[in-house]
Amino acid sequence: MGFLDKVLGRTTTTEEEKTMSKLNIGIILGSTRQGRLSPQVGEWVQSVANQRGDANYEIVDIADFKLPLLGEVDATPQATAWNEKLASLDGFVFIVQEYNHSITASLKNALDYARDAWNNKAAGIVSYGSVGGARAAEHLRGILGELSVADVRVHPALSLFTDFENGTVFKPADLHLTNVNGMLDQVVAWSGALKVLR
Ligand SMILES: Cc1cc2nc3c(=O)[nH]c(=O)nc-3n(C[C@H](O)[C@H](O)[C@H](O)COP(=O)(O)O)c2cc1C
């Protein structure tokens, strides 16, 4: 029962009010190259997340924001749109792929484009690569610390060899479902808890 219900003496809430009172969690696609695998992974995470009904989950595609390399040219409109999108979110799930043992240049660039809009929010990481994208995920954790993003412990790590047919078609092993839900449990809990600081 929300504040409005009490004021209006109501015993039910509308669907619109339920959606508005939920946390907004962005599922950020970390790669932007043509032929990338990240949309398949992001859509799978979103489909698992949507079945929970505990938050509003949306895909946030860095590619849509056309961010040039930071500082190279005046990119005020792109930077503003990116910051507004991040500001509208309470928490994040990063879809992370391993490039040369780290995150992609496009994700690092997008992280650098904002500061306040990241602060005091929670994040989960879903990574992939030859060893589950583990090295990229650990690099991202270091960056998130500097941006005051609280990264949660549970970390689904997908293998390019066993979770992608022929390295291209995403077919996750069953065990990852448990991990994705465990990660989302923590992201939702921490995103809500950190609200008092925002
Ligand atoms: C420039 C580059 C470097 C890569 N380096 C690694 C690496 O160090 N470790 C690894 O496991 N995979 C590496 N890969 C393989 C990628 O993880 C794999 O291609 C993955 O699909 C990339 O994500 P994307 O399809 O969303 O772009 C690399 C791929 C590229 C393009």
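This section describes the fold, the nonpolar cores and selected residues of a predicted model.

The protein contains seven helices and eight strands. Its C-alpha trace spans about 60 × 45 × 25 Å along the principal axes. The radius of gyration is 17 Å. A compact globule of 198 residues would have a value near 16 Å, so the two agree. Of the 198 residues, 45% count as buried. Contacts between residues with a separation of 6 or more were also examined by range. Residues 24 or more positions apart account for 78% of these contacts.

The surface was considered next. The protein exposes about 10,100 Å². Carbon and sulfur atoms supply 54% of that area. There are 18 positive and 23 negative side chains. The centres of the two charge sets lie 3 Å apart.

The largest nonpolar core has 30 residues. Trp82, Phe94, Leu111, Trp118 and Leu140 touch the most other members. Five elements each supply at least two residues of this core: helix H4 (76–87), strand E3 (91–97), helix H5 (105–112), strand E4 (121–129) and helix H6 (134–146). The largest share comes from H6, with five residues. Another core, of 26 residues, lies apart from the largest one. Leu29, Val154, Phe164 and Met183 are among the members of this other core.

Phe94 illustrates the packing in the largest core. Residues up to four places away in sequence are not counted here. On that basis, Phe94 touches Ile28, Leu107 and Leu111, together with Trp118. Its partners also include Ala123, Gly124, Ile125 and Val126. Leu140 and Leu144 are contacted by Phe94 as well. Of these partners, Leu111, Trp118 and Leu140 are named with Phe94 among the residues that touch the most other core members.

Two residues of helix H3 were examined. Helix H3 covers residues 38–50. Ser38 is placed in this helix, and so is Ala49. Ser38 has a relative accessibility of 0%; the residue therefore counts as buried, the limit being under 20%. Beyond residues up to four places away in sequence, Ser38 touches Leu29, Ser31, Ile95, Gln97 and Tyr128. One of these partners, Leu29, belongs to the core of 26 residues. Ala49 is likewise buried, because its relative accessible area is 0%. With neighbours within four places in sequence left aside, Ala49 is in contact with Asp54, Tyr57 and Leu184. Thr32 lies 17 residues from Ala49 along the chain, and the C-alpha atoms of the pair are separated by 23 Å.

Backbone geometry was inspected at two asparagines. Most residues other than glycine have a negative phi. Asn100 has a positive value, near 50 degrees. Asn100 lies in the loop between E3 and H5. Its relative accessible area is 79%, so Asn100 is exposed, the threshold being over 50%. Asn120 also has a positive phi, near 60 degrees. Asn120 is found in the loop between H5 and E4. At 27% relative accessibility, Asn120 counts as partly exposed. The elements that flank these loops, E3, H5 and E4, each supply at least two residues of the largest core.

Technical notes: Residues are numbered from 1 along each chain as its sequence is written. This is a predicted model: local features need pLDDT of at least 70, side-chain atom pairs count only at pLDDT 80 or more; totals for chains, interfaces and linings use all residues. Side-chain values use heavy atoms; hydrogens and water are left out. Helices (H or I, at least four residues) and strands (E, at least two) are DSSP runs, numbered from the N terminus. The radius of gyration is taken over C-alpha atoms; the globule rule is 2.2 Å times the number of residues to the power 0.38. Buried means under 20% relative accessible area, exposed over 50%, partly exposed in between (1.4 Å probe, protein chains only). Contact means heavy atoms within 4.5 Å. Accessible areas come from the Shrake-Rupley method with a 1.4 Å probe; for residues, only the protein chains shown count as cover. Lys and Arg count as positive and Asp and Glu as negative; His and the chain ends are not counted. The place of a charge is taken as NZ of Lys, CZ of Arg, CG of Asp or CD of Glu. A nonpolar core is a set of buried Ala, Val, Leu, Ile, Met, Phe, Trp, Tyr and Cys residues joined through side-chain atoms within 4.5 Å.
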